[in-house]
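Subject: Structure handover

Hello,

Here is the structure I promised you. Please open it first, then read my notes below.

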Amino acid sequence: MKQQIIILLSIVFLAVTGMQGAGRLYDRVNVTLPYTVEIQGKLLPPGDYTIEEFRGASDSNILHVFGEKGMDLKATVHTIDALSRNAAGKTEVVLQRIGNDYFFDKIWIEGKNYGYQFTLPADAKARERELRSSVSSVLVPAVYAAKFAKPEDDETRSRVGAANDRGRDWLTREIRHELIMLPYYGVFDHFTYRIDGDTVTLLGQVTRPTLKSSAENVVKRIEGVERVNNEIEVLPLSAQDDRIRVAAYRAIYGHTALNRYSLRAVPPIHIIVNNGDITLEGVVANQADKNIAGIQANGVSGAFSVTNNLRTDSGPEPPSENPAAR
């Protein structure tokens, strides 16, 4: 039973043989796959591979997978952002196992607070849901195992606590993934959320009413979520606020020290404008970048105030999960 939980929670770690940064903006990972891994309908047999960020694209979430010592292109895949509150202590490639099949799940880069999240193909997601429904409710997800176990001794309490932690991590990843994949979610929107048992409270600000309702709908469909409190604020329509948004975006992402952040599918500095007040949310690499963003925002004509809530990868953890900080 424990083995099934670990499989469903995607906890399969591989040792990486080495990582070499190909210039300041590009990541490259050399990895030995011990299993056959499926990617975009193709099967990569066990062996040595190089996974490299595509240097010729403005979207830095595109990865190339090479075999034959980097000479044979096996696949090109579009990933989404994965975020950690702390910089990774080592480079890791994470696989997800569904039944007897393996898929790429994440890549974490040593010394950086971001990674690459792979998306499962539709048929794999269907199989994953089928596997969850075919086992006892303890597995759906493990965060709820505490409901079905009586912690009568220290050993039982330890097992329940470990299952609870794994389940919460699984639920956190699922919520974040669903939110950042929503159509029209962008740099002028910001999501946060709080998990209390089987209840999820959605917070943040969005520019479209449909984005608020869409966020609630996708989170409701996540297995294990029984209730969603939707406290997302819909920002008021304002031509002046729209002008400030555009000006702030140009001021921040046009700065030479910050324009590298604009290469992400969803840039990490979120600019929230409400009745002329600017709030910056998200994660940047260091304190200097945070300060520059604040200075640039303060220079926007017509803005009444600027609140700089940007975090750095070495900064304090926020009070709630923040799935869309990059």
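Start at the hairpin of β13 and β14. It has 2 residues between the strands, and glycine 197 there takes a positive phi near 65°. Strands and helices here are DSSP runs, numbered from the N terminus: E with at least two residues for strands, H or I with at least four for helices.

Some ground rules. This is a predicted model, in which local features need pLDDT of at least 70 and side-chain atom pairs count only at pLDDT 80 or more, while totals for chains, interfaces and linings use all residues. Residues are numbered from 1 along each chain as its sequence is written, and side-chain values use heavy atoms, with hydrogens and water left out.

Back to the hairpin. Strand β13 covers residues 190–196, and 5 of its 7 residues are buried. Buried means under 20% relative accessible area, exposed means over 50%, and partly exposed lies in between (1.4 Å probe, protein chains only). The partner, β14, covers residues 199–206; 7 bridges join the two strands, which run antiparallel. Two strands pair if DSSP finds at least two bridges between them. Isoleucine 195 stands opposite valine 200 in β14.

Aspartate 196 forms a salt bridge with arginine 194, with the closest N and O atoms 3.4 Å apart. A salt bridge is a side-chain nitrogen of Lys or Arg within 4 Å of a carboxyl oxygen of Asp or Glu. Aspartate 196 is partly exposed because its relative accessible area is 44%. Arginine 194 is partly exposed too, at 34%.

The count of salt bridges comes to 9. Another one joins lysine 106 and aspartate 105 at 3.4 Å, N to O. Both of these residues are buried.

Now look at helix α4, residues 209–220. Its 12 residues should span 16 Å (1.5 Å times one less than the number of residues). The end C-alpha atoms are 17 Å apart, which agrees. Its buried residues include Leu211 and Val218.

Which residue has a positive phi although it is not a glycine? Asparagine 275, at about 55°. It sits in the loop between β17 (269–274) and β18 (277–284). Most residues other than glycine have a negative phi.

Last, confidence. The protein averages a pLDDT of 76 (the predictor's confidence in each residue, from 0 to 100). Over residues 133–151, pLDDT stays under 50. The same holds for residues 155–163. Where pLDDT is low, the predicted coordinates should not be read in detail.

Best wishes

Note on methods. Contact = heavy atoms within 4.5 Å.
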